Amino acid sequence: MLLQQGVKLPLFAALAIVPALGCVAPRELHDVTYDPRHGDAGRLDLYLPELDDHAHATVLFIHGGSWTTGDKSIFAAAGRRLASSGFAVASTNYRLLPTGVFPDDAEDCMCAYAYLRAHAADYAIDPERIVVMGYSAGGHLAGLVGLAADDPALASDCDAAGGQPVPRPAAVISASGPQDLRVLWGQFGMGSTLERMFGGTPDAQPAAYALGSPITHVAPGAPPFLIIQDAIDFGGMVAMSEALKAAGDQETLLHISGSAHVLEQWDEPGEYEAGVSSDAPEAWIATEDFLFDTVGAP
Amino acid sequence: MKLAAALVVVAALVAPARADDGMADGARDTVIATQPLAAITRGLALAAERRVATHWSVVVLGGLRGGALGDYSSTTWEGGGELRWWLRERGAIAIAGPYLAAHASLGRTSLAMSATGAPLGTAWGFEQRVDVGWRFTFRGRVALTPSVGLGAHEDVDGSGRLAASTRPTVALGLELGCMF
């Protein structure tokens, strides 16, 4: 009996200490279907904190890849880190070019967001504390979800959304995400990709480019934004920051010097590492502060 | 951290052995170097390298960077070391050509709001890698050393509100130095 207690006590102590260290492995649900009509593009991964009795603040990740490539698994490490910290996390796929032309990509992200809201009770998600975060093309789509989730013109006809606008998310983190695609069309050889996405140039399709550019949706009452910017301002990130501030919305801009979109400087000055700006130490601190400031403790 | 400790121990063990190891008379066995890309990205990096035995050298490195702009400001301090194994030695320049290295570093980044100076938090980064590099020498004194490394990077939140996280990393370095 004593021996049994001797074994159990350290075990219980360890079980008590491990959560305090934030070391609990999250529960992972892969390939959850949010829209069965689009195969893998209609699936998301979930990283959920340990089971408890309250609804968690949630981060919805949208991956990058110039709207043509990429996968929800890109955010696996970040998802596990946030879920181990108490946040519920979803990372979604969406339809990509060449078949997924605008607004398919935006509507899929709206649908994934609507799915999380509709199934909040199933996954212990607080539907009023969902933060949408994306990188590169995903940062653009995160901006659209943040500012236009309640715009009927971008409402998804998937089951979760039912063709109806949904309330805007609690906050948006857009990392290296272009916010004005009319500007991006003339930068970095992105013109041909955007012409496939919108069916022509900005001059030929002005309404589509405007609908697809988050900056055109800026108005008072927008959710709080954290914009993480590469060394180079592409696609109107600084203009978006200024527009949100001018509208009286809560916005902060983190410009990371030397960040080269997929090559970043972490802790070692001058050395470049393969990665994304949202994984830079400055970005993690800003993200943590922004999350706790906007949606509170997870 | 285990790798960093091992580097220190190995350096201490091999350092006394460097005096008589068959190196050519007058050979240059010391390099003071920087990462030039740090200078154009609001940073400064310095490294001191010393040959400690046949085929072996030890590097001590450090850096400082203020990478955050916009509504934020930041300060990053970094220190670390490398144990390099040179595949060949030639003439008066002993530490040139291809090498393999065990690399370890520790960095601390603090972030604040630029307008108010209000601190927002800190993050620690631990990195351990195996590097492959090649030192090119010019006029016997200028050393240009590109390298690529594979390893693991651990992020630790200073406040404890976020869990620690480890991820694989691929690092690219370009060192410019002077040999003595």
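How many helices and strands does chain A have? Chain A holds 9 helices and 10 strands. The model described here is predicted.

## The two chains

The radius of gyration of chain A is 20 Å, close to the 19 Å that the globule rule gives for 298 residues, so chain A is as compact as a globular protein of that length. Its C-alpha trace spans about 80 × 50 × 35 Å along the principal axes. Buried residues account for 57% of the 298 residues of chain A. Among the contacts in chain A between residues at least 6 apart in sequence, 71% join residues at least 24 apart.

Chain B contains 2 helices and 9 strands. Read from the N terminus, the elements of chain B follow the order α-β-α-β-β-β-β-β-β-β-β. Of the 180 residues in chain B, 41% are buried. For contacts in chain B between residues at least 6 apart in sequence, 56% join residues at least 24 apart.

## A sheet with strands from both chains

An open sheet is formed by 9 strands, and its pairing is mixed. The order is β1(A)-β2(A)-β4(A)-β3(A)-β5(A)-β6(A)-β7(A)-β8(A)-β4(B). The edge strands are β1 (27–33) of chain A and β4 (68–70) of chain B, each of which pairs on one side only. On average, neighbouring strands of this sheet are turned by 20° against each other, direction ignored. Strands of a sheet pair through backbone hydrogen bonds, in either a parallel or an antiparallel way.

Within the sheet, strand β3 (residues 56–62) of chain A pairs with strand β5 (residues 125–135) of chain A in the parallel sense, over 6 bridges. In this pairing A:Ile62 stands opposite A:Gly134 of β5(A).

## Helices of chain A

Helix α4 (residues 137–148) of chain A lies across four strands of that chain: β3, β5, β6 (171–175) and β7 (225–229). The helix runs at about 145° to β5(A).

Which residues of helix α6 (residues 191–198) of chain A are buried? They are A:Leu194, A:Met197 and A:Phe198. Seen down the axis of α6(A), these buried residues fall within an arc of 80°, so they line one face of the helix. An α-helix has 3.6 residues a turn, so residues three or four places apart point the same way. The buried residues of α6(A) pack against α5 (181–184) and α7 (206–211) of chain A. Just after α6(A), A:Gly199 takes a positive phi of about 80°.

## Where the chains meet

The contact between the chains takes 32 residues from chain A and 44 residues from chain B. On the side of chain A that touches chain B, the elements that give two or more residues are α2 (76–84), β8 (251–256), β10 (272–274) and α9 (281–294) of chain A. The largest share of this side, 8 residues, comes from α9(A). By class, the side of chain A that touches chain B has 14 nonpolar, 10 polar and 8 charged residues.

How do β10(A) and strand β9 (residues 165–179) of chain B run, parallel or antiparallel? The two strands run antiparallel and are joined by 2 bridges. Here A:Tyr272 stands opposite B:Leu172 in β9(B). Strands of the two chains also meet in the open sheet, where β8(A) is followed by β4(B) in the strand order.

Key:
Residues numbered from 1 in each chain as written. Chains lettered and ligands numbered in written order. Predicted model: local features only at pLDDT ≥ 70, side-chain atom pairs only at ≥ 80, totals over all residues. Pairing = 2+ DSSP bridges. Axes fitted to C-alpha atoms, helices over the stretch in contact; angles between N-to-C directions. Contact = placed C-beta atoms within 7 Å. Buried ≥ 20, exposed ≤ 12 C-beta atoms within 10 Å, placed from the backbone. Arc of directions from axis to C-beta. Nonpolar A, V, L, I, M, F, W, Y, C, P; charged D, E, K, R; others polar. Rg over C-alpha atoms; globule rule 2.2 N^0.38 Å.
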